[in-house]
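This report covers a sheet and one residue outside it. Please look at the sequence and the model before reading on.

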Amino acid sequence: MSATDLRPPASPALTTAPAPLLLGWDAVELWVGNARAFAGFLSSAFDFRITAYAGPETGWEDRASYVLEQGDIRFVVTAALTPDSPIAAHVRLHGDGVHDLAFAVPDAGAAFDAAVARGARPLSEPHVVNDDHGGLRLARIAAYGDTGHTFVDRSGYGGAYRPGYATEGLPLPAVAARPVALGAIDHVVANVEEGSLERWVDFYRAVLGFERLRHFDDSQISTEYSALMSTVVWNGAKIVLPINEPAAGRRKSQIQEYLETYRGAGVQHIALATSDIVGAVSSLRQRGLRFLEAPAAYYEDVRQRLGHLDLPWEDLRRLGILVDEEPDGWLLQIFTETLSDRPTLFVEIIQRGGAKGFGAGNFKALFEAIEREQARRGHL
Ligand code: FE2
C-alpha cells in the first residue's frame, strides 16, 4: 500500500471549476508478472484480440505490454523487464492487478486542471506523446490505493493505442475457438478500507463531478459470515463505479480478505456487458473459463420468485447464470473465479434487460459462493 493511501483524497471542492468532461472508457491497464502469459489467457479464455504490442522490439527496454480488444472493451497488460521497474514493485506488493482506469476525454489538459482544482492528487502533468500517427494527449491523477485515472485525448492521434506500440508482427496469434462477443465495460468495482467508503464517494463527487447512484448497507449485503457496504457513483452516462468497504460480520468479510491479499484498496471486479449472455457463457465455459457456481437451491428459489419472466430458464440453470429483477427490468449475470494467483481480481459477465442495478437480489447467493472459495483457502 502506498504511504499516501489513507490520506484524505480530496477536501470538498473549494472551487467552482466545472468537473472534467469524460466521454467514456478508454482502457483498463493491468500490471502483471508475466504479460505474455496474461495476454494469452485473456485471448484464449475470453476471446480478446491482441491488437498492439510494445517491448524491446519497439524500443522499450524496461517493459512488455499487450493491448487486447473486444467490442468497445480495451485492456492493456504490462509487465516489467527490469528489477527496479515500478511495475515490478507494484506486482511484488499487489500481485497482478489493475494499475489504471483510463477515461476518454476531449481535452486531457482541461480535464487534469479541473480535477486538480477540485482536489485530485496529480500523478502525471498533461503531456503529448508523438509518433507518425500524430500526438496523443495524456494526464493522470491518483485514485484509491495505487490505482490511478489517466485522461486520454485521442483527437490528434490516428494510431492504434499509443506511440511505441506496434500493430504488426504481434507475438501472439489469435486463438481459433468459438467467439464470445462481449460488448463494453458495464462497471468497475473498487474495494476500499473499512471506514473509507464515504471518503471515496466524496472524492468521485468532488473531483470528477460524479453522482451517487445507489447505496447498499450491510443489512442488504450480508450473509451468515460476512458483510459489506457499497455505494455506486457514476458520471451520469457510461462510467459506473461501485465502491465496497468491509463491514463487521461473524467472520472475515470477503472485502477484508481482498484488502489483506492485495495489500490495500484496488479494483475487485470488472463487469463486461453482452447482448447474449447464454451464447457468451457457453463459449467461455467451452474455452475452459471457471465461474463461481450458484447452489442448486438458487434456481428453485429464483424460479419461484421470477418465473414470470420470459427467459431461457433451462440454459440459465445449466450455465449457472444468475437472474435478478428490478422495477425497470431484469438482468442476468455470472462471476468468474479470480483471474490470477492471488484471490483478488475477477470478471463479471452481465446482460441487461432494462434493469439498471447490480443484481442486489443475487448478492446473498453470490457472496455465499465466494465464501465457499474463501473457506477453501482457509481465509474464512
Ligand atoms: Fe458487478
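Which residue in strand 7 stands opposite H127? It is L138.

The model is predicted: local features need pLDDT of at least 70, side-chain atom pairs count only at pLDDT 80 or more, and totals for chains, interfaces and linings use all residues. Residues are numbered from 1 along each chain as its sequence is written, and side-chain values use heavy atoms, with hydrogens and water left out.

**The sheet**

An open sheet of mixed pairing is formed by 8 strands in the order 2-3-4-1-5-8-7-6. Strand 2 and strand 6 are at the edges with a single partner strand each, so one side of each has no neighbour in the sheet. From one strand to the next the twist averages 20°. Strands (E, at least two residues) and helices (H or I, at least four) are DSSP runs numbered from the N terminus, and two strands pair if DSSP finds at least two bridges between them.

| Strand | Residues |
|---|---|
| Strand 2 | 49-54 |
| Strand 6 | 122-131 |
| Strand 7 | 134-142 |
| Strand 8 | 148-153 |

Strand 6 and strand 7 pair in the antiparallel sense over 7 bridges. Helix 3 (residues 108-117) lies across strands 6, 7 and 8, at about 10° to strand 7. Axes are lines fitted to C-alpha atoms, for helices over the stretch in contact (heavy atoms within 4.5 Å), and angles run from 0 to 180 degrees between N-to-C directions.

**T231**

T231 lies in strand 11 (residues 227-234). T231 counts as buried (under 20% relative accessible area, 1.4 Å probe, protein chains only) because its relative accessibility is 0%. Beyond its neighbours within four places in sequence, T231 has contacts that include L197, R212 and I243.

Key:
Buried < 20%, exposed > 50% of the residue type's maximum accessible area, 1.4 Å probe, protein only.
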